[in-house]
Amino acid sequence: MVILRAGLCPGLTAEMIQLLKANGIVTALYEFFSVPFGDGCLSTQALVAVRRVLLAQFSAFPVNGADLYEELKSSTAILSTGSRSLDRLLDSGLYTGEVTELTGAPGSGKTQVCLSIAVSTSHDLKQNVLYVDSTGGFTASRLLQLAQTRTGDEEEQVSALQRIQVARVFDVYKMLDVLQELRCSVSQQVLSSLGPVKVLVVDSVSAVICPLLGGRQAEGLALMMQLARELKTLARELSMAVVVTNHVTRDGSSGHLKPALGRSWSFVPSTRVLLESREGTWGKASTCRIASLTKSSRWTIA
Amino acid sequence: FYTAHILLINCLVLGFLILFSFLFSGDVVEFHGPEGTGKTEMLYHLIARCVLPKSGGGLEVEVMFIDTDYHFDMLRLVTILEHRLSQSTEEMIKQCLGRLFLVNCNSSTQLLLTLYSLENKFFAHPSLCIVILDSISAFYWIDRSNGGESFNIQEMNLKRCAEFLEKLVREHHLALFATTQMIMQKSSNSTESSIPLKLLCEADVEYRPYLCKSWQQMVTHRIFFSKQCNFSSSKTFSIVSCHTKKNHIIKCSFSVAECGVQF
């Protein structure tokens with residue numbers, strides 16, 4: 001329930017609030033908008049003016065489809081992940097404006113894929129990456145190894161690594177802080193020496209959310225949806241490609257692997273990739289991994 | 001003016017291939033289903049049918065799309081339009097897209113304020129007769145957590161939105177399509193459902209209502225989306241449409257291809 005108070009918008013002064021209350025007009029938001037005109041000594045003009053300003057400030061504006069299409073044509077980019085087969089699976093790469101999810105059991109290679117995406121973006125595409133690590137699985141030496149396989153030139157390796165910013169977070173509030181800071185720094189156009197971030201990797205989302213779920217409280221789910229909203233807003237409004245990783249659980253009825261975090265989270269990513277390790281001969285785990293697409297807005301899955 | 005709207009919406013019916021018995025303006029349709037069952041694809045199909053010119057098989061009406069969870073994929077819509085138009089030039093696509101208006105909302109309070117400010121839009125554009133809200137359940141958990149212990153406060157914003165939507169639908173003769181996500185398991189206690197249990201069981205549908213009563217009572221057609229598990233048929237998704245007042249059910253199946261939904 002939103003209550004009007006002085007200073008909420010220009011024109012809504014403390015005197016006006018007093019006047020509204022004196023005339024019996026309730027200052028809760030909904031009631032304010034449904035009060036009929038011409039009541040009491042508060043002029044209709046003043047009421048209408050305040051309403052208009054409130055709406056202008058807080059409501060969202062409709063955009064024409066043609067204008068949005070023009071904007072998207074110029075701002076959407078498809079970023080290669082560095083692995084041709086993964087690119088093919090994702091319909092030529094990571095799309096900016098979307099959240100892509102990698103799920104898999106522990107040891108299936110999610111962190112490795114994330115690191116490789118980070119290096120490929122910073123070295124091949126010369127774009128900045130923000131890597132948010134919540135599992136402790138990030139090692140700079142592995143990044144260097146990956147960069148070294150791409151180029152022998154030390155300077156290029158260093159500049160590739162410099163384009164990757166790392167944030168270590170271990171709970172959801174810190175993660176939300178980091179994401180909001182990113183949004184603020186872009187909106188205030190803080191000129192960092194690096195430039196805009198094009199890829200945001202969050203490894204992993206389930207590590208910070210799983211401890212909150214369970215029990216009958218809605219708090220945990222609300223925080224999860226808040227995080228989801230931040231990620232999607234960053235993806236859309238700042239034209240970033242967002243990659244998140246998630247664990248898997250077994251489906252109760254069918255016994256198949258399915259991504260963790262439940263049904264509410266399942267609506268968040270536009271694309272989901274499941275990574276599995278293939279059993280080598282003699283039952284030993286091989287170094288081979290299979291990635292399969294479990295949800296995509298572009299491919300139809302038979 | 002009013003009869004023109006009925007005619008328009010009936011043309012829409014034919015596009016859905018007998019899905020609804022009659023769809024009048026003033027109808028509120030809810031698409032309900034778990035993730036990956038084709039709800040958003042169906043919305044693209046609907047938008048395409050509305051914005052395409054009459055020569056392309058469309059209705060040339062304007063559509064207002066309210067997006068609450070950044071789900072809308074413009075490029076996918078353009079792909080579908082290109083497949084439907086016989087000559088898809090840039091000009092034609094732009095003309096079609098000019099009939100679509102998009103709004104993004106970040107919270108249920110912003111949704112409510114946006115609905116207030118959209119009222120002017122409806123006055124200014126008489127051909128704007130379809131409103132799509134994807135999805136109305138996006139703020140459910142956040143609202144519940146913000147509302148504290150009282151269910152009333154938790155549901156207040158959505159209730160206000162539903163009431164105002166009803167007013168808009170009534171006064172401007174709109175048809176409203178809203179998606180709700182199936183985020184809960186079917187409960188064993190099914191007395192909460194407004195559709196008789198027997199009817200739901202016959203139709204083999206899992207439904208657990210969780211949004212506020214004002215919204216549930218507003219809905220005239222509830223369409224359940226699900227994936228079909230039999231691999232023999234080529235159609236992969238199925239929908240069951242329930243008319244809430246008349247209590248009859250229609251089933252249909254469809255598949256999703258490059259060019260959109262195919263029945």
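In the predicted model, B:Cys96 is buried, with a relative accessibility of 0%. B:Cys50 is likewise buried, at 0% relative accessibility. Across all chains the structure holds 0 disulfides. For B:Cys50, the nearest cysteine sulfur is that of B:Cys129, at 6.9 Å, and B:Cys50 takes part in no disulfide. B:Cys96 is also in no disulfide; the nearest cysteine sulfur to B:Cys96 belongs to B:Cys50 and lies 11 Å away. Because a disulfide requires two cysteine sulfur atoms within 2.5 Å, the separation of 6.9 Å leaves B:Cys50 unpaired.

Salt bridges number 11 over all chains. In chain B, the side chains of B:Arg76 and B:Glu41 form one of them, with an N to O distance of 2.8 Å. This pair links distant parts of the chain, 35 residues apart: B:Arg76 belongs to helix α3 (residues 74-84) of chain B and B:Glu41 to helix α2 (residues 39-51) of chain B. Both B:Arg76 and B:Glu41 are buried.

A salt bridge also joins B:Lys167 and B:Glu119, whose closest N and O atoms are 3.3 Å apart. B:Lys167 is located in helix α7 (residues 151-172) of chain B and B:Glu119 in helix α5 (residues 108-124) of chain B, so the contact ties together parts 48 residues apart in sequence. B:Lys167 is partly exposed, with a relative accessible area of 27%, whereas B:Glu119 is buried at 17% relative accessibility.

In chain A, A:Glu70 is found in helix α4 (residues 65-75). The side chain of A:Glu70 meets that of A:Lys73 in a salt bridge with an N to O distance of 3.5 Å. The two residues lie 3 residues apart within helix α4 of chain A, about one turn of the helix. A:Glu70 is partly exposed at 34% relative accessibility, and A:Lys73 is partly exposed at 38%. A network of salt bridges links A:Glu70 and A:Lys73 with B:Glu90 and B:Lys94. The C-alpha atom of A:Glu70 is separated by 43 Å from that of A:Met16, which is 54 residues away along the chain.

The whole structure contains 3 cavities of 30 Å³ or more. The largest cavity encloses about 140 Å³ of space. Its lining includes A:Met225, A:Arg229, A:Lys232 and A:Phe267 from chain A, together with B:Asp69, B:Tyr70, B:His71 and B:Gln181 from chain B. Helix α11 (residues 219-237) of chain A gives the most to this lining, with 4 residues. By residue class, the lining of the largest cavity comprises 6 nonpolar, 3 polar and 3 charged residues.

Key
Residues are numbered from 1 along each chain as its sequence is written. Chains are lettered from A and ligands numbered from 1 in the order in which they are written. This is a predicted model: local features need pLDDT of at least 70, side-chain atom pairs count only at pLDDT 80 or more; totals for chains, interfaces and linings use all residues. Side-chain values use heavy atoms; hydrogens and water are left out. Buried means under 20% relative accessible area, exposed over 50%, partly exposed in between (1.4 Å probe, protein chains only). On a 1 Å grid over the protein atoms alone, a cavity is a set of points where a 1.4 Å probe fits but cannot get out, and a pocket is an open set with protein on both sides within 12 Å along at least five of seven lines; lining residues have an atom within 4 Å of a point. Grid points are joined across faces, edges and corners, and a volume is the space filled by probe spheres set on the points. Ala, Val, Leu, Ile, Met, Phe, Trp, Tyr, Cys and Pro count as nonpolar, Asp, Glu, Lys and Arg as charged, and the others, Gly among them, as polar. A salt bridge is a side-chain nitrogen of Lys or Arg within 4 Å of a carboxyl oxygen of Asp or Glu.
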